[in-house]
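Here is a walk through one protein model, from its inner spaces to its odd backbone spots. Keep the 3D view open while you read.

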Amino acid sequence: MADSAPSLHTTPLHDAHEERGARMMAFGGFEMPVQYDSIIDEHLAVRNDAGLFDVSHMGEVLIQGDQALALVQHLVTNDAETLYDGRAMYTVMCTPDGGIIDDGIVYRRAEDEYLMVLNAANRERDLTWMHDHNPMGATLRDISADTALLALQGPKALDIAQPFLDDDLDDLSFYHFWERTGGAFLDCETALISRTGYTGEPGLELYVPADRARDVWTTLLEAGADRGLKPAGLGARDTLRLEAGLCLHGNDITEDITPYEARLGWLVKLDKGDFIGREALRQIHEHGPERKLVGFVATERGIPRHDDILQSAGGDAIGVVTSGTQSPLLDAGIGLGYVPNEPAYTEPGRALQVASRRRTFNVEVTEPPFHEDT
């Protein structure tokens with residue numbers, strides 16, 4: 001008898017999603033809501049008003065002790081020395097060859113404590129990597145099961161959350177965070193309120209105890225109902241991040257792709273000291289990557305999809321689409337993909353083609369984000 005498929009994990013909000021009639025799907029080992037009503041409606045709610053996402057499938061790991069900073073510096077390409085209590089940074093972890101193991105956010109909670117947020121599908125592998133590359137002996141503690149993560153995103157997001165905080169959210173800068181204890185935020189014993197997000201809009205990411213997730217979710221949705229707030233699923237999250245030109249691990253960035261190829265060279269601080277992948281990345285930086293991630297917009301009818309072929313204007317295969325969709329704001333196909341690092345293929349305005357299974361259509365190289373000029 002064949003082995004049954006492994007059961008999917010669920011977030012603390014699983015029942016709340018089902019009660020709202022969400023269409024569920026497998027993602028990163030979890031059963032997650034892909035949409036509640038319409039992906040386009042949820043997408044436009046985030047662009048115009050606000051959307052609330054359950055992203056509790058993400059992994060959260062505490063790095064603690066006297067060697068906490070040393071381990072963070074060893075693991076990631078960005079420079080954690082620039083952090084102070086209440087500040088966060090986006091970064092990547094790389095292999096010795098410079099390939100991207102994962103991307104994520106590091107929060108400095110104290111001099112001897114950092115929070116690293118990992119992609120759901122990579123959490124167990126990332127944890128193994130972190131344990132195996134911890135010669136300094138820092139303490140690693142996986143708190144994912146005890147933590148729920150909600151993303152409140154959109155131009156009205158801060159106004160919706162403001163009544164539940166004593167301090168003015170206008171004072172919370174991008175990539176900074178507050179911690180609140182003792183019920184100061186929606187009766188949560190602990191809560192981390194972060195000015196971060198994955199949609200290209202203003203907003204917050206809220207780390208709360210798993211047993212408080214449902215009450216926080218319900219309270220925020222009720223508070224934002226008259227401001228156009230909608231629950232939003234992974235479908236809208238993907239179209240929003242792609243309009244913003246943000247990479248998705250497993251599609252646009254993988255262990256076969258380096259930060260310099262992925263337009264993430266700004267995350268690599270070669271002068272900070274040694275870290276995993278530094279020498280390989282130094283050589284790539286010196287000589288330049290052979291390929292480069294570009295954005296493009298369809299100039300005729302057509303929707304690019306993952307693994308479609310990118311062609312030159314003359315029809316020669318030059319690369320592959322890593323992410324693609326129909327942009328609700330542009331009403332046109334948009335995508336990301338890798339091409340040779342040559343001006344003929346990478347300069348904005350250059351004409352390329354996408355060859356899908358059904359047809360070939362023209363696209364124009366366009367500098368992301370795609371949505372800001374609409």
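## The cavity

The largest cavity holds about 60 Å³ of space. A quick word on terms: on a 1 Å grid over the protein atoms alone, a cavity is a set of points where a 1.4 Å probe fits but cannot get out, while a pocket is an open set with protein on both sides within 12 Å along at least five of seven lines; lining residues have an atom within 4 Å of a point. Grid points are joined across faces, edges and corners, and a volume is the space filled by probe spheres set on the points. With a floor of 30 Å³ or more, the count is one cavity.

This is a predicted model, so to speak plainly about cut-offs: local features need pLDDT of at least 70, side-chain atom pairs count only at pLDDT 80 or more, and totals for chains, interfaces and linings use all residues. Residues are numbered from 1 along each chain as its sequence is written, and side-chain values use heavy atoms, with hydrogens and water left out.

Who lines the cavity? The residues are V76, T91, V92, M93, D102, D103, G104, I105, M116, V117 and L118. Strands β5 (88-94), β6 (100-110) and β7 (113-118) each put in at least two of them, and β6 gives the most, with four residues. Helices (H or I, at least four residues) and strands (E, at least two) are DSSP runs, numbered from the N terminus. By class, the lining has seven nonpolar, two polar and two charged residues. Here Ala, Val, Leu, Ile, Met, Phe, Trp, Tyr, Cys and Pro count as nonpolar, Asp, Glu, Lys and Arg as charged, and the others, Gly among them, as polar.

## An open pocket

The second largest pocket has a volume of about 270 Å³. Its lining is made of R301, G302, I303, R305, D308, S356, R357, R358, R359 and F361. Sorted by class, that is six charged, two polar and two nonpolar residues.

## Around T11

T11 sits in the segment before α1 (14-19). Is T11 buried or exposed? Its relative accessibility is 5%, so T11 is buried; the label means under 20% relative accessible area, with exposed over 50% and partly exposed in between (1.4 Å probe, protein chains only). The side chains of T11 and D54 share a polar contact of 2.6 Å. That term covers a pair of N or O atoms within 3.5 Å; within protein, one must be able to donate a hydrogen and the other to accept it, and residues adjacent in sequence count only if both atoms are side-chain atoms. T11 and A210 are 199 residues apart in sequence, yet their C-alpha atoms are 8.4 Å apart in space.

Leaving out residues up to four places away in sequence, T11 touches H17, F30, M32, D54, S56 and H57, where contact means heavy atoms within 4.5 Å. H17 lies in helix α1 and is buried, at 1% relative accessible area. Beyond its sequence neighbours within four places, H17 contacts T11, A22, M24, P33, Y36, D54 and W217. H57 belongs to the loop between β3 and β4 and is buried too, at 2%. With residues up to four places away set aside, H57 touches T11, F27, F30, M32 and A120.

## Two helices

In helix α7 (residues 234-243), nine of the 10 residues are buried, so the helix is largely enclosed by the rest of the structure. Its buried residues pack against β1 (23-27), β2 (30-35), α2 (39-48), β3 (50-54), β16 (317-327) and β17 (332-340). After α7 comes G245, with a positive phi near 75°.

Helix α3 (residues 68-75) has A68, L71, V72, Q73 and L75 as its buried residues. They pack against β4 (59-64), β5, β6, β7, α4 (123-132) and β8 (139-142).

## Cysteines and backbone oddities

There are zero disulfides, a disulfide being a pair of cysteine sulfur atoms within 2.5 Å. The sulfur of C94 is 13 Å from the closest cysteine sulfur, in C247, too far for a bond. C94 is buried at 0%, and C247 is buried at 9%.

P368 and P369 are joined by a cis peptide bond, with omega about 0°. Y175 is not a glycine but has a positive phi of about 60°; Y175 is buried, at 17%. D187, also no glycine, has a positive phi of about 60°, and D187 is exposed, at 61%.
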